[in-house]
Amino acid sequence: HVLLLQDSKLPSSVRSTLLELFGQIEREFENLYIENLELRREIETLNERLAAEGQAIDGAELSKGQLKTKASHSTSQLSQKLKTTYKASTSKIVSSFKTTTSRAVCQLVKEYIGHRDGIWDVSVARTQPVVLGTASADHTALLWSIETGRCLVKYSGHVGSVNSIKFHPSEQLALTASGDQTAHIWSYAVQLPTAQPIADTTQQVCGEDEVECSDKDEPDVDVDVSSDCPTIRVPLTSLKSHQGVVIAADWLVGGKQAVTASWDRTANLFDVETAELVHSLTGHDQELTHCCTHPTQRLVVTSSRDTTFRLWDFRDPSIHSVNVFQGHTDTVTSAVFTVGDNVVSGSDDRTVKVWDLRNMRSPIATIRTDSAINRINVCVGQKIIALPHDNRQVRLFDMSGVRLARLPRSSRQGHRRMVCCSAWSEDHPMCNLFTCGFDRQAIGWNINIPALLQEK
């Protein structure tokens, strides 16, 4: 590359910048290469020890007919630990060669473009008709046709950034949280447009070259796609009591109560019908970042900048117990329930931790990544965790911490800024995962889950 630059017509300042960047890239690759070599040597050494006791890591050869002595429990544990370490450590390098197989597994299907500022949150309706909801810093929430990418409804009742959106479990109601210190409940009625057969977007698969997309930092939104769709300006109910930004809100099971999380360090439980405050949940030392409710039980989990998340139990009306989880070293950006007895937490400390509600002293799995993690979501059926990152990547992991895939991203497709949130909709035939980010767009993906788990 040095020779090429010497012959180039570029100004010397540009050339020196390029040379410096090339040098940095080369050093980064060199470090990865050395790290990889060291890991391989380490694995070979440990394999020799394990082989002596009748075990070896996948890919390590054992001579045919070698006697397999009964391995002790500790050796088996070491073997398992080594496998996990090997998978985690080499995934950085291996993943760069996996794009050919993952193309069929993770496909970009649809882009939802129309917001005029970053999108904080994305959610999928839980009742028919199944629509996509987005909450944006442009002070609006939009509802979209998943199939056509058309905006169906615009909610403009807030006077601040809309920070989250959640759909009622059984009615056509949306709950939005805002920087205007309120949460709103609003009713919507949508007529789904018929899918347009001409625009076949399913060809936008996850390779590097297939999708023609703008190279600009943000999608082109000169045309206001939300201008011709119905606008709702007044909520059915406004939930007021916070003294700061309301950063998130969610419905409790049954949809009769809602919980809000605020920068005023409290979470509030409201009666939806009367809009009255039922409980104020205090205890966090810093601003809250997120709240989530259990799908079938009266449990709430709140996350905070104080590096903890708290589990609030409302199952017994007379006792409201709280448990504090102290597993992170930086802001907990979200903590979410799975269908079973697990909570999954993500943090700015670049880790995701899986917890068992029955034993909260230490996590049962830890995922270490290279970038801060935003609002995570867990696929109900297969328990796959979708991790949206500050560095524009979206990664998929299983509950034991094994990485399954990285959603494709290039200059022509994928997110161009920080990815803020992920949301699964596993029963939808077209898109079963949605992500949104500060590039003002939401993206619908089709993840072939059986193929993904098979590749593991």
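1. In this predicted model, R358 is exposed, with a relative accessible area of 65%, and its side chain takes part in two salt bridges that are best read together. With D341 the closest N and O atoms are 3.6 Å apart, while with D356 the N to O distance is 3.1 Å. The acidic partners differ in their surroundings, because D341 is partly exposed at a relative accessible area of 31%, whereas D356, at 15% relative accessibility, counts as buried.

2. The link between D341 and R358 spans distant parts of the chain: D341 sits in the loop between β19 and β20, R358 sits in the loop between β21 and β22, and the two are 17 residues apart.

3. A further salt bridge pairs R395 with D370, and here the closest N and O atoms are 3.1 Å apart. Since R395 lies in strand β25 (residues 394-398) and D370 in the loop between β22 and β23 (377-378), the pair ties together parts that are 25 residues apart in sequence. The basic residue, R395, counts as buried at 8% relative accessibility, and the acidic one, D370, is partly exposed with a relative accessible area of 42%. Returning to the bridges of point 1, shared partners join D341, D356 and R358 into one network. The structure holds 6 salt bridges, among them those described here.

4. Which residues have the most contacts inside the largest nonpolar core? They are F309, F337, V344, L357, I376, I385 and L387, in a core of 25 residues. The elements that each give two or more residues to this core are β16 (299-304), β17 (309-313), β19 (332-337), β20 (342-347), β21 (351-356), β22 (365-368) and β24 (384-388). Of the contributing elements, β19 gives the most, with 4 residues.

5. L387, named above among the core residues with the most contacts, deserves a separate look, since its neighbours can be listed individually. Leaving aside residues up to four places away in sequence, L387 touches V352, I367, T369, I373, I376, Q393, V394, R395 and F397. One of these neighbours, R395, is the buried arginine that forms the salt bridge with D370, and another, I376, is itself listed among the core residues with the most contacts.

6. A second, separate core has 20 residues and includes I119, C420, M430 and A442. Strand β27 (residues 419-424) is mostly covered, in that 6 of its 6 residues are buried. This strand pairs with β28 in the antiparallel sense over 5 bridges, and within that pairing V419 stands opposite G437 in β28.

7. How many aromatic pairs does the model contain? The count comes to 9. In one of them, W120 and F438 form a tilted pair, with 4.8 Å from centre to centre and 50° between the planes. This pair links distant parts of the chain, W120 being in strand β2 (residues 119-124) and F438 in the loop between β28 (433-437) and β29 (441-447), 318 residues apart. Both rings belong to partly exposed residues, with a relative accessible area of 30% for W120 and a relative accessibility of 24% for F438.

8. The rings of W186 and Y188 have their centres 6.4 Å apart and their planes at 65°, so this pair is edge-to-face; planes over 60 degrees apart fall in that class, and the centre distance lies within the 6.5 Å limit for a pair. W186 and Y188 are both buried. Together with Y155 and F167, the residues W186 and Y188 form one aromatic cluster.

9. An open sheet is formed by 4 strands in the order β6-β7-β8-β10, with antiparallel pairing. Its edge strands are β6 (162-167) and β10 (237-240), each of which pairs on one side only, and the twist averages 20° from one strand to the next. At one end of this order, 5 bridges join β6 to strand β7 (residues 173-178), the two running antiparallel, and K166 stands opposite L175 in β7.

Definitions and conventions: Residues numbered from 1 in each chain as written. Predicted model: local features only at pLDDT ≥ 70, side-chain atom pairs only at ≥ 80, totals over all residues. Heavy atoms only, no water. Phe/Tyr/Trp six-rings, centres within 6.5 Å; stacked < 30°, edge-to-face > 60°. Buried < 20%, exposed > 50% of the residue type's maximum accessible area, 1.4 Å probe, protein only. Core = buried A, V, L, I, M, F, W, Y, C linked by side-chain atoms within 4.5 Å. Contact = heavy atoms within 4.5 Å. Pairing = 2+ DSSP bridges. Axes fitted to C-alpha atoms, helices over the stretch in contact; angles between N-to-C directions. Salt bridge = Lys/Arg side-chain N within 4 Å of Asp/Glu carboxyl O.
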